Amino acid sequence: NGLVGSEMCIRDSYWTAGETALLVAAVFFPILLMLLSAKESIGYLAAIRKSTARRLMTRKGFDAITELNFHKIAKNMEHSAIFCLEIDHHETFIEMYGQRAVEDVARTAGERLSSVLRAQDALARTNAYGFSVCLEPTQHLDLELCIQLASRLQAAVEEPLVLDGTTAYVTASVGFAQHSGAATPSAHSWREAAAIALRQAQRYGAGSVRAFTEEMRKQSVIR
């Protein structure tokens, strides 16, 4: 019972720590931006402004956040992960329901993903059928928690949808990379690792989840 209670406490602290982290970010992000070069600051702020109209960030804004998080993790000995999610069999879905329906599905998927994430977690639509998530760095994040979150993201997207009076069902594959899983010390390598894990998941079939390993990177280079 003590072990179970401890695990529940860790999980609770992961999600409830969001409010504190958001306040800290509000205070220190402006200071950090002042330390960046003028060009970098302007580009970063422009990317964030484009993202504030909706919960979904732009690709540029997402890349900027992963850069900041990458260095923050190294400095503070924290943990994070990037998740890449993509709707399965989207070509078949287009044939059955049309391109407009796919856009409706993607928009709904983005709203649902947003609902299961903390406010300071970064969420971006990376292509017509895919999304990326970068978690705000935290003290407690292990492989098991990442797998659980991947399942939550999947479940949110896979809830039935109603399209023109017809109930539609979709599945989604997920690949993720923890910060320690990116061998090259760069945010780009970290993002690439999550994308590699997604491709590996898709090879295993619809609705699969895969965590990045260095073996995956070697296989992707061979291919």
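**Close-up views of the predicted model**

**View 1. V157 in helix 6 and its surroundings.** V157 has its place in helix 6, which spans residues 143-157. The model shown here and in the views that follow is predicted. With a relative accessibility of 2%, V157 falls in the buried class, because buried means under 20% relative accessible area. Apart from residues up to four places away in sequence, V157 touches L85, I87, A109, R112, L113, V170 and A172. One of these contacts, L113, lies 44 residues from V157 along the chain, and the C-alpha atoms of the two residues are separated by 6.9 Å.

**View 2. The largest cavity and its lining.** The count of cavities of 30 Å³ or more comes to one. The volume of the largest cavity is about 30 Å³. Its lining is made up of I87, H90, F93, V102, V105 and V170. Two of these names, I87 and V170, also appear among the residues that V157 touches in View 1. Helix 4 (90-97) and helix 5 (99-116) each contribute at least two residues to the lining of the largest cavity. Sorted by class, this lining holds five nonpolar residues, one polar residue and no charged residues.

**View 3. The packing of helix 4 against helix 5.** The axes of helix 4 and helix 5 are 7 Å apart, and the two helices pack at an angle of about 125 degrees. This angle makes helix 4 oblique to helix 5. On the helix 4 side, the residues in contact are F93, I94 and Y97; on the helix 5 side, they are Q99, A101, V102 and V105. By class, the contact between helix 4 and helix 5 comprises six nonpolar residues, one polar residue and no charged residues. F93, V102 and V105, named in this contact, are also among the residues that line the largest cavity in View 2.

**View 4. S132 in strand 3.** S132 is located in strand 3, which covers residues 130-134. Its relative accessibility is 5%, so S132 counts as buried. When residues up to four places away in sequence are left out, S132 touches F62, F83, C84, A122, L123, A124 and T126. The last of these, T126, is the subject of View 5.

**View 5. T126 in the loop between strand 2 and strand 3.** T126 lies in the loop that joins strand 2 to strand 3. T126 has a relative accessible area of 24% and is therefore partly exposed. Beyond its neighbours within four places in sequence, T126 is in contact with R59, F131 and S132. T126 and C84 are 42 residues apart along the chain, and their C-alpha atoms are separated by 8.8 Å. C84 is also among the residues that S132 touches.

**View 6. D121 in the loop before strand 2.** D121 has its place in the loop between helix 5 and strand 2 (122-125). Its relative accessibility is 2%, and D121 therefore counts as buried. D121 and P137 stand 16 residues apart in sequence, with a C-alpha to C-alpha distance of 8.8 Å.

**View 7. M77 and H89, two loop residues with positive phi.** M77 is found in the loop between helix 3 (59-76) and strand 1 (81-87). Although M77 is not a glycine, its phi is positive, at about 55 degrees. M77 is exposed, with a relative accessible area of 64%. H89 lies in the loop between strand 1 and helix 4. The phi of H89 is near 50 degrees, again a positive value in a residue other than glycine. At a relative accessibility of 53%, H89 counts as exposed, because exposed means over 50% relative accessible area.

**View 8. The protein chain as a whole, for orientation.** The secondary structure of the protein chain consists of eight helices and seven strands. The chain has 223 residues, of which 43% count as buried. Among contacts in the protein chain with a separation of 6 or more, 70% are accounted for by residues 24 or more positions apart. The pair V157 and L113 from View 1 is 44 residues apart along the chain, and the pair T126 and C84 from View 5 is 42 residues apart.

Notes. Residues numbered from 1 in each chain as written. Predicted model: local features only at pLDDT ≥ 70, side-chain atom pairs only at ≥ 80, totals over all residues. Heavy atoms only, no water. 1 Å grid on protein atoms, 1.4 Å probe; cavity = no way out; pocket = protein on both sides within 12 Å on 5 of 7 lines; lining within 4 Å. Points joined across faces, edges and corners; volume = space filled by probe spheres on them. Helix = DSSP H or I, 4+ residues; strand = E, 2+ residues; numbered from the N terminus. Nonpolar A, V, L, I, M, F, W, Y, C, P; charged D, E, K, R; others polar. Axes fitted to C-alpha atoms, helices over the stretch in contact; angles between N-to-C directions. Parallel < 35°, antiparallel > 145°, perpendicular 65-115°, else oblique. Contact = heavy atoms within 4.5 Å. Buried < 20%, exposed > 50% of the residue type's maximum accessible area, 1.4 Å probe, protein only.
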